[in-house]
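Here are my notes on this one, point by point. Have the viewer open while you read.

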Amino acid sequence: MQSDLADNLKNIRRRIREAALRVGRNENEIKLVAVSKTHPPTVLRQAIDAGATVLGENKVQEAESKIAELGRGAAEWHLIGHLQSNKVRKVLPLVEAIHSVASLDLARDIQRISEDLDLFPKVYLEVNLAAESTKHGFMPAALREGGLEALLACDRLKIQGLMCIPPFDPDPEQTRPYFVELRQLRNALAKLVSAPLPCLSMGMSHDFEVAIEEGATIVRVGSAIFGNRSPRIDSN
Ligand SMILES: *Cc1c(COP(=O)(O)O)cnc(C)c1O
């Protein structure tokens, strides 16, 4: 198990490097989030020992208990899953970044509670590129038409950039246009508000190489590192 995990991590890092090189990028521009949701703390410990430095969890409760067991400083913890307003106070002190800021209301709750707790959380704005009713996130037009300005008024939030979870397709080439669209949206928004929005959180186990070719700066890889999750507990 331990050596599988170490091999998988090594493999993913090699593939990240190769994808970056294909498009003339430096692998150091790309951060790997090892998505450890559903796996027990013992497995997370193995991943940390094998060199994983950033761990991604999608549920506040689950993240809280794992962080209590392994320690806040054991890894850089990222929340990648849907965040409800009533969990903001709990999660803010626990994680380094939130990838799933999906509404202005949520951003304002994070702002208010960050003032209370004197924090400046790093966040990504989740974009619902395909307007899927089953997914959370900002519509691109809403961000363009005043939405981003309203978010920037939440001055406690260190907005890193954009995040997306495109519709699933086993063929990553089918997903490429969504990654292109997120990059182009980022470029347009950065120009609009004169803020850099340097980061793009995009790419998962089956499509992270294509995402890197299209500009991802942080990829969220779970099953390709940890193996398959039980589908019954895999909901986001
Ligand atoms: C589970 C999850 C991932 C990782 O998915 P894999 O296909 O296992 O790599 C990435 N991002 C989010 C938001 C997730 O919920």
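1. Let's start with helix α5, residues 104–117. At 1.5 Å a residue, its 14 residues should span 20 Å, and the end C-alpha atoms are indeed 20 Å apart, so the expected and modelled lengths agree. Keep in mind throughout that this is a predicted model.

2. Which residues of α5 are buried? The list is L106, A107, D109, I110, Q111, I113 and S114. An α-helix has 3.6 residues a turn, so residues three or four places apart point the same way. The cover over the buried residues of α5 includes α4 (88–91), β4 (97–101) and α6 (140–152). Have a look at the exit of the helix too: D118, just after α5, takes a positive phi of about 55°.

3. On to the cysteines. How many disulfides are there? The count is zero. For C154, the closest cysteine sulfur is in C199, 19 Å away, which is too far for a bond, given that a disulfide needs the two sulfur atoms within 2.5 Å. C199 is in no disulfide either; its nearest cysteine sulfur belongs to C164 and is 14 Å away.

4. Are these cysteines buried or exposed? C154 has a relative accessibility of 6%, so it counts as buried. C199 has a relative accessible area of 16% and is buried as well, because the cut-off for that label is under 20%.

5. Now the ligand site. The ligand is surrounded by 12 residues, and the closest are K37, S205, G222, S223 and R229. If you're checking polar contacts, begin with R220: an N or O atom of its side chain sits 2.8 Å from a nitrogen atom of the ligand. An oxygen atom of the ligand is 2.8 Å from a side-chain N or O atom of R229. With G222 the backbone does the work: one of its backbone N or O atoms lies 2.8 Å from a ligand oxygen atom. How much of the ligand does the protein bury? Taken alone the ligand exposes 390 Å², and the protein buries 93% of that.

6. One last residue to click on is E213, which is in helix α8 (residues 208–213). Its relative accessible area is 18%, so E213 is buried under the 20% cut-off. What does E213 touch? Leaving aside residues up to four places away in sequence, E213 is in contact with A19, R22, V23 and R176.

Terms used: Residues are numbered from 1 along each chain as its sequence is written. This is a predicted model: local features need pLDDT of at least 70, side-chain atom pairs count only at pLDDT 80 or more; totals for chains, interfaces and linings use all residues. Side-chain values use heavy atoms; hydrogens and water are left out. Helices (H or I, at least four residues) and strands (E, at least two) are DSSP runs, numbered from the N terminus. The expected span of a helix is 1.5 Å times one less than its number of residues. Buried means under 20% relative accessible area, exposed over 50%, partly exposed in between (1.4 Å probe, protein chains only). Contact means heavy atoms within 4.5 Å. A residue is near a molecule or strand if one of its heavy atoms lies within 4 Å of it. A polar contact is a pair of N or O atoms within 3.5 Å; within protein, one must be able to donate a hydrogen and the other to accept it, and residues adjacent in sequence count only if both atoms are side-chain atoms. Accessible areas come from the Shrake-Rupley method with a 1.4 Å probe; for residues, only the protein chains shown count as cover.
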